[in-house]
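Biologist: I am new to this structure and would like a close look at a single part of it, the sheet and what packs around it. Please take me through that part step by step, and then say how it sits in the rest of the chain.

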Amino acid sequence: PVLVIDFGAQYAQLIARRVREAGVYSEIVPHTITAAEVRAQQPVGMILSGGPSSVYADGAPGFDGEIFELGIPTLGICYGFQVMALALGGEVAHTGKREYGSTDASLGGDGGTLLAGQPAEQTVWMSHGDSVAEAPQGFQVLASTASTPVAAFANDERCLYGVQWHPEVKHSAFGQNVLENFLHTAAGIPSDWNSGNVIAEQVERIRAQVGDARVISALSGGVDSAVSTALVHEAIGDQLTAVFVDHGLLRQGEREQVEKDYVESTGVRLITVDAADTFIGHLEGVSDPEQKRKIIGREFIRTFEKVQRDLVDEARAIGGAPIKFLVQGTLYPDVVESGGGTGTANIKSHHNVGGLPDDLDFELIEPLRALFKDEVRAIGRELGIPDAIVGRQPFPGPGLGIRIIGEVTAERLDVLRRSDAIVRDELTAAGLDSEIWQCPVVLLADVRSVGVQGDGRTYGHPIVLRPVSSEDAMTADWTRVPYDVLARISNRITNEVHEVNRVVVDITSKPPGTIEWE
Ligand code: XMP
């Protein structure tokens with residue numbers, strides 16, 4: 001792989017995705033990785049990410065300088081560029097001149113290998129305080145800006161490169177080209193990472209892992225589990241049984257969609273388990289978000305274990321093989337955000353990662369564990385899953401359970417479900433589905449406000465709309481939904497759902513707000 005060294009910025013995932021868009025497999029590793037560990041992974045290249053702090057700050061994320069001696073083609077970005085400059089004998093200065101946002105950069109000469117074919121003047125995206133004042137010996141300066149004399153450098157002989165700006169963000173006009181020049185031209189890495197290869201590789205791996213055992217798959221109706229299930233089905237056919245748990249936290253019509261559309265398009269054998277009463281029973285009296293997530297995660301697994309026991313009994317009766325494996329649609333961002341990839345902070349326990357109980361009785365098959373959402377969609381399409389399912393907006397495993405702020409009850413679920421159906425209805429009717437990454441609808445069940453309806457005073461609950469635009473759910477901005485669409489939604493909810501007397505729109509980006517409210 002190409003290793004993306006994470007210096008603690010949100011940028012590492014974006015870099016990893018851009019590298020894959022260039023057809024090269026990438027993995028994120030923490031900046032604490034040692035030279036020996038790097039050598040063991042045999043990377044074909046390395047990219048050092050940006051980071052939040054100055055290289056001189058107390059507790060600034062460090063890096064084993066010996067890694068630069070391993071002869072691995074390396075590109076440093078922003079903080080990583082400065083780490084590189086310092087480690088190799090260059091000079092990094094506190095200039096006091098902060099550059100933030102779109103900045104004009106000028107190429108010194110022809111741009112060398114790294115900036116080959118790019119215009120002499122271009123717009124790049126900057127975010128830094130310190131600057132490289134002098135490039136290390138043997139390095140050639142490729143670009144500069146008004147306040148940064150060394151904005152990019154290169155040492156072709158050692159295949160070491162660096163840019164002060166962020167080539168991974170779309171605001172850098174020739175950013176992707178910088179990455180591709182580094183990967184393909186400088187490091188000579190071919191572009192051969194694509195969905196066809198991923199499927200072939202996974203199918204082989206799954207067959208080897210499973211043998212002739214039987215497998216069950218957790219199907220939620222979302223893209224991730226739909227694709228992971230189809231992928232495992234492709235590998236082992238009828239050794240797989242898909243299990244759909246109706247935990248009572250689903251949206252309107254969701255169960256029917258899974259039972260009909262998905263089964264028709266994939267031919268997967270499906271069992272639906274009715275577990276609403278169990279889940280809602282266990283959630284009684286619980287308002288703490290992490291506790292809800294843990295309970296829902298645990299009950300998921302308990303439910304599967306029960307299905308396993310039932311199926312084992314059934315298999316024994318007919319002399320079949322045991323069920324040893326559980327498929328989960330865990331994605332790479334889940335792994336990274338749960339602290340599994342990089343040692344970054346645990347922000348939320350996603351139910352399919354951090355929420356797993358210790359006494360788990362299955363071996364897991366997680367064929368999407370190394371993939372980003374857009375890659376999963378591409379694989380789904382390649383596997384012939386209809387666009388209506390592959391293109392579906394994300395919906396969290398804990399479902400409406402984490403969209404009721406406060407205790408989850410059957411009545412509150414009903415209020416939220418009816419409100420949510422109106423929102424989805426109107427957003428789809430307005431043609432906004434592709435513009436919006438997802439739009440959680442949240443019920444503030446413990447909040448009441450005074451309203452007036454007809455001649456009467458009401459004392460009802462607010463509904464929050466959380467429409468967001470995002471590329472990967474790691475960062476997001478609130479979507480500017482047209483006022484007339486918002487007006488229609490507000491009007492319909494307050495008229496049709498009498499428990500709700502106020503509709504508000506969440507206008508917070510991520511960060512600082514997460515997409516879900518819990
Ligand atoms: P946050 O709220 O962390 O959400 O900004 C990021 C994305 O993840 C989804 N999400 C989940 N998905 N299990 C899931 O499968 C979970 O426990 C979970 N929590 C959040 C959320 O909908 C958004 O797309």
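Modeller: A good place to start is the pairing of β10 and β11, which are antiparallel and joined by four bridges. The model is a predicted one. In this pair, Ala152 stands opposite Val163 of β11. The two strands make a hairpin with four residues between them, and Cys159, in the turn, has a positive phi of about 60 degrees.

β10 also pairs with β9. Strand β9 covers residues 140-145 and strand β10 covers residues 152-155; their pairing is antiparallel too, over three bridges. Here Ala152 of β10 is the bridge partner of Ala143. Ala152 therefore has a partner on either side, Ala143 in one pairing and Val163 in the other, as β10 is bridged to both strands. β9 and β10 are again a hairpin, with six residues between them.These three strands belong to a wider sheet. The sheet is open and has nine strands, in the order β2-β1-β3-β4-β11-β10-β9-β6-β7, with mixed pairing. Its edge strands are β2 (26-30) and β7 (121-128), each of which pairs on one side only. Ignoring direction, neighbouring strands are turned by 25 degrees against each other on average. Strands of a sheet pair through backbone hydrogen bonds, and the pairing is either parallel or antiparallel. A parallel case is found at β1 (residues 2-6), which five bridges join to β2. In that pair, Val4 has Ile28 of β2 as its bridge partner.

Next come the helices around the sheet. α3 packs on the sheet and touches β1, β3, β4 and β11 (160-163). The direction of α3 makes about 120 degrees with that of β4. Between β4 (74-77) and α3 (79-87) is a loop that holds Cys78. Cys78 is not a glycine, yet has a positive phi of about 50 degrees. Most residues other than glycine have a negative phi. Cys78 counts as buried because 25 other C-beta atoms lie within 10 Å.

A second helix, α4 (residues 175-186), has twelve residues. From its first C-alpha to its last, α4 reaches 15 Å, close to the 16 Å expected at 1.5 Å a residue. Its buried residues are Gly175, Val178, Leu179, Glu180, Asn181, Phe182, Leu183 and Ala186. Among the elements that cover them are β1, α1 (11-21), β3, β4 and β11. After α4 comes Gly188, with a positive phi near 65 degrees.

Two further residues add detail to this part of the chain. Gln42 is in the loop between α2 (35-41) and β3 (45-48). Gln42 is not a glycine either, and its phi is positive, about 45 degrees. Gln42 is classed as exposed because it has 9 C-beta neighbours inside 10 Å, whereas Cys78 is buried. The other residue is Ala93, in strand β5 (residues 91-93). Ala93 has 15 C-beta neighbours inside 10 Å, so it counts as partly exposed. Leaving out residues up to four places away in sequence, Ala93 touches Asp130, Ser131 and Ala133. Ser54 is 39 residues from Ala93 along the chain, and their C-alpha atoms are separated by 9.9 Å.

As for the rest of the chain, the domain assignment gives domain 1 (2-186), domain 2 (195-390) and domain 3 (404-505). The centres of domain 2 and domain 3, taken over C-alpha atoms, are 28 Å apart. Twelve residues of domain 2 are in contact with eleven residues of domain 3. On the domain 2 side of this contact, six residues are nonpolar, four are polar and two are charged.

Two peptide bonds after β23 (500-505) also deserve a mention. Pro511 lies in the segment after that strand, and a cis peptide bond with omega of about -10 degrees joins Lys510 to Pro511. Pro512 lies in the segment after β23 as well. The bond between Pro511 and Pro512 is cis, with omega of about 10 degrees. Most peptide bonds are trans.

Terms used: Residues numbered from 1 in each chain as written. Predicted model: local features only at pLDDT ≥ 70, side-chain atom pairs only at ≥ 80, totals over all residues. Domains from an automatic or database assignment. Contact = placed C-beta atoms within 7 Å. Nonpolar A, V, L, I, M, F, W, Y, C, P; charged D, E, K, R; others polar. Buried ≥ 20, exposed ≤ 12 C-beta atoms within 10 Å, placed from the backbone. Pairing = 2+ DSSP bridges. Axes fitted to C-alpha atoms, helices over the stretch in contact; angles between N-to-C directions. Expected span 1.5 Å × (residues − 1).
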